[in-house]
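Q: Hi! I'm new to this one, could you walk me through it?

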Amino acid sequence: MKLLSAICLLSFCLITSACSSADEVKRGPHSQARHQGFTAMMPNYTKMVQMTNGNDGYQKAEFVQLVAQFEAEAQQPFTHFEQDGAGMNGKAKDAVWQNSAAFEQQQAAFFASISALKDAAAHSNQDEIRAAIKQVDKQCMSCHATYRD
């Protein structure tokens, strides 16, 4: 009985620790606005990726519209890169503010990749569009690797 109780207690501890607040990200108002902005971009981006992978029938007019919406949505979170204070910056690393010039270059590269995607969408060349989507992905991952926990 003691063994069963110990196993139950251990299981309870493991389960509750997996759901504990240690995994919660602390966000101040700027961080929350950034998070909401980046989250809002994802449905259109996911739809574009699905369309170019053949999983959701590519239609030029719809794709061009999705790219335009994504381009507009992508601007919003970057207007909130101000510090919220110690421990309240969400997943943003201090490098965002410690080397703001490099962060701004990364941001410009991201916007340039979206512009290239917009140009590719206008041409409707599937290979060009897939290559442009990969560049947007590359810019996202590069920024996350350097500036996001």
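Here is a short chat about a helix, the cysteines and a pocket.

Q: What kind of model is it?
A: It's a predicted model, where local features need pLDDT of at least 70, side-chain atom pairs count only at pLDDT 80 or more, and totals for chains, interfaces and linings use all residues. Residues are numbered from 1 along each chain as its sequence is written, and side-chain values use heavy atoms, with hydrogens and water left out.

Q: Cool. How far apart are the end C-alpha atoms of α5?
A: They are 35 Å apart, which agrees with the 34 Å that its 24 residues (100-123) should span at 1.5 Å a residue. That expected span is 1.5 Å times one less than the number of residues, and a helix here is a DSSP run of H or I with at least four residues, numbered from the N terminus.

Q: And what comes just after α5?
A: Ser124, which takes a positive phi of about 60 degrees.

Q: Switching topic: how many disulfides are there?
A: Zero. A disulfide here is a pair of cysteine sulfur atoms within 2.5 Å.

Q: Why no bond for Cys140?
A: The closest cysteine sulfur, in Cys143, is 8.0 Å from the sulfur of Cys140, too far for a bond.

Q: Is Cys143 buried or exposed?
A: Buried, with a relative accessible area of 15%. Cys140 is partly exposed, at 21%. Buried means under 20%, exposed over 50% and partly exposed in between, with a 1.4 Å probe and protein chains only.

Q: Last one: which helix gives the most to the lining of the largest pocket?
A: α2, with eight residues.

Notes:
Helix = DSSP H or I, 4+ residues; strand = E, 2+ residues; numbered from the N terminus.
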